[in-house]
Amino acid sequence: MIQFFDVSKVYANGTVALNRVSFQVAKGEFVFLVGPSGSGKSTVLRLITREEKPTEGKVLINGRNTVRLSRREIPHLRRKIGVVFQDFRLLPKLTVAQNVAFALEVCELPRREIKRRVASTLELVGLADKAGVYPHELSGGEQQRVSIARAVVNNPIVLLADEPTGNLDPEHSWEIVRLLETINLRGTTVLMATHNDAIVNALQRRVIAMAEGCVVRDELRGSYSNEAQNSI
Amino acid sequence: MKLRTAFRLAGEGMANLRTRSGMGLTAVTIITLAFVIQGLFIIAFLNLNSLDESLTQRLQMRVFLRDRANPVAVGEALSRFPEVEAITFVGKDEALENLRLQLGERSDLLDLMTENPLPDTFVIKVNDPYALPQLAEQIRSFPEVEEVVYGQESLGKLLDLVTLISRFSLLGMVVIFLATLFIAVNTIRLTVIARKTEIEIRKLVGATSGYIRAPFVFEGIYMGLVSAGLASLAGDFLYRFLLTRVPTALPFLPILPREVVVPQMVAALFGLGLVMGIVGSWLSVRKYLK
Ligand SMILES: Nc1ncnc2c1ncn2[C@@H]1O[C@H](COP(=O)(O)OP(=O)(O)OP(=O)(O)O)[C@@H](O)[C@H]1O
Ligand SMILES: [Mg+2]
């Protein structure tokens, strides 16, 4: 469903962020993307959402080459992809429900349908009782759950999470990861870039490890680093 | 885009303007002032154009033929001059009829005459006022021609001046328009920057460019239309004032009636306001849509 073929990315300033990266992710998989800072994890995610184009190679989403997408098709690709960031990116002047509805308004769904889906998604992330509350009245973990709700409210086929636990304490981090697992169980592919070794090691999911723009390890039941694996 | 969505985004544009109302008010004030000047340029332009036209009409030459001259042959000879733009033939009977109409009640004077004293006449329009004297000289030498008369040459100089001023006012209109566009772009850009996160999230959740742009386009349109409306009121007021003063202060200057000028000025201002709003907002968000 997500296919990278010999993808290289050189940014305008000459930085080589990716160097001949190849991997495939099937529908329904849960994948951790690990690696030191600057190894190119966020770049991989930005290539999937087509915020960036590959300098060389091909990125296919559901069999479609993202470079070939026209300007009018890109929004439709993005409606099938949910994205979550470390810094939540909620709109402070909108309530929780309005923040989640934001993603559906763009698709011009009928108002009643929006209401229905927002309510059921807030139920899913466990924030049904906070619908009318503003983001600053929530804890970091709750804010991240709102941002996850916004990412999945449109039933995307894939959820991309870029260090979603980066700003959270271990307890809240676990909450978020369990939520991502629940979403994954409902059939959504999840790709999570993270520095959180405890979570990666505990979950024993597929791990794609990157270093200096290359994929250095791709294991089906992997851990955060080689050493960690050796010590088990 | 669905109509319902368009309405919602139109409301959002209004909200954008209201939350930054201080800035919006400043921009609308400046744009209104600029549009008032724009309106004055439009007023000047329309009047100068009509003056230009009436002056050009006066730049005509009358060629009176001798009795028994053949008008067809002369007409052909006249139309061969390159300076001649148009020729109209006024036969002596027609000329008499015209005279009768001009005299009105006193036309019975004409009944005293036993035969028509008026000659066959050609009315010639020239394309270059400066060619008049020389052309008249040449035509006078035709044996069939009795006399040639034409308007003053000085009219030509005046015409040149009027054309120049009217071109200048057109240039002024362009400059003012660009200035208002500049103000609109920079005002809307401030809103765009304030809404950067929203734009980013909208892009990420799959909003089309049109959807993202819409609130800003509406914001621009509101600014343009409000400014155009206020400037129209001011322009109408100013024109009515001019109409009370110009005829007495400068009696030789013909000035068009309000019914002719004001509707055209209002239409032009609203058109410019609309274009300014749309183009301005387009330019302001362009950078953030890539
Ligand atoms: N827009 C950009 N322009 C230029 N260089 C960039 C840009 N974005 C990222 N880079 C560079 O590309 C490389 C990979 O960056 P990327 O953000 O993908 O790394 P990362 O693995 O996500 O790092 P982190 O763990 O710190 O988030 C880095 O060297 C970074 O400086
Ligand atoms: Mg990153």
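**Exercise 1. The surroundings of A:Arg150**

Task: In this predicted model, determine which residues A:Arg150 is in contact with, leaving aside its neighbours within four places in sequence, and establish what its side chain reaches.

Solution.
1. Apart from those sequence neighbours, the contacts of A:Arg150 are A:Phe88, A:Arg89, A:Leu90, A:Asn99, A:Val100, A:Ala103 and B:Ile201.
2. A:Arg150 itself is placed in helix α5 of chain A, which spans residues 140-152.
3. Although A:Arg150 is buried, it has no salt bridge. The nearest side chain of opposite charge belongs to A:Asp87, at 7.7 Å, whereas a salt bridge requires the nitrogen and the carboxyl oxygen to be within 4 Å.
4. The side chain of A:Arg150 instead reaches a backbone atom: the oxygen of A:Arg89, at 2.8 Å.

**Exercise 2. Positive phi angles**

Task: State where A:Phe88 and A:Glu108 are found, and decide whether A:Phe88 and A:Glu108 are buried or exposed.

Solution.
1. A:Phe88, one of the contacts of A:Arg150, belongs to the loop that links β6 (81-85) to α3 (96-105) in chain A. Its phi is positive, about 65 degrees, although the residue is not a glycine.
2. The relative accessible area of A:Phe88 is 10%, so the residue is buried.
3. A:Glu108 lies in the loop between α3 and α4 (111-124) of chain A. This residue is not a glycine either, yet has a positive phi of about 55 degrees.
4. With a relative accessible area of 17%, A:Glu108 is buried.

**Exercise 3. The shell around ligand 1**

Task: Find how many residues surround ligand 1 and which are the closest, then identify the element that gives the largest share of the shell.

Solution.
1. Ligand 1 is surrounded by 15 residues, the closest being A:Ser37, A:Gly38, A:Lys41, A:Ser42 and A:Thr43.
2. Helix α1 of chain A (residues 41-48) supplies the largest share of this shell, with 4 residues.
3. Polar contacts to oxygen atoms of the ligand can then be listed. A backbone N or O atom of A:Gly38 is at 2.8 Å, a polar side-chain atom of A:Lys41 is at 2.7 Å, and a side-chain N or O atom of A:His195 is at 2.9 Å.
4. On its own, ligand 1 has 630 Å² of accessible area, of which the protein covers 67%.

**Exercise 4. Selected salt bridges**

Task: Give the number of salt bridges found over all chains, and explain how the pairs A:Arg116 and A:Glu113 and B:Asp236 and B:Arg258 are placed in the helices.

Solution.
1. Over all chains, the search of the whole structure finds 20 salt bridges.
2. A:Arg116 and A:Glu113 form one of them, with the closest N and O atoms 3.2 Å apart. Because these residues are 3 residues apart in helix α4 of chain A, about one helical turn separates them. A:Arg116 is exposed at 52% relative accessibility, while A:Glu113 is partly exposed at 23%.
3. B:Asp236 and B:Arg258 meet in a salt bridge of 2.8 Å, N to O. B:Asp236 is in helix α8 (residues 209-249) and B:Arg258 in helix α9 (residues 258-286) of chain B, so the pair ties together parts that are 22 residues apart in sequence.
4. B:Asp236 counts as buried, at 12% relative accessibility, and B:Arg258 is partly exposed, with a relative accessible area of 32%.
5. Shared partners also join A:Glu29, A:Arg206 and A:Asp218 into one network of salt bridges.

Conventions: Residues are numbered from 1 along each chain as its sequence is written. Chains are lettered from A and ligands numbered from 1 in the order in which they are written. This is a predicted model: local features need pLDDT of at least 70, side-chain atom pairs count only at pLDDT 80 or more; totals for chains, interfaces and linings use all residues. Side-chain values use heavy atoms; hydrogens and water are left out. Helices (H or I, at least four residues) and strands (E, at least two) are DSSP runs, numbered from the N terminus. Buried means under 20% relative accessible area, exposed over 50%, partly exposed in between (1.4 Å probe, protein chains only). Lys and Arg count as positive and Asp and Glu as negative; His and the chain ends are not counted. A polar contact is a pair of N or O atoms within 3.5 Å; within protein, one must be able to donate a hydrogen and the other to accept it, and residues adjacent in sequence count only if both atoms are side-chain atoms. Contact means heavy atoms within 4.5 Å. A residue is near a molecule or strand if one of its heavy atoms lies within 4 Å of it. Accessible areas come from the Shrake-Rupley method with a 1.4 Å probe; for residues, only the protein chains shown count as cover.
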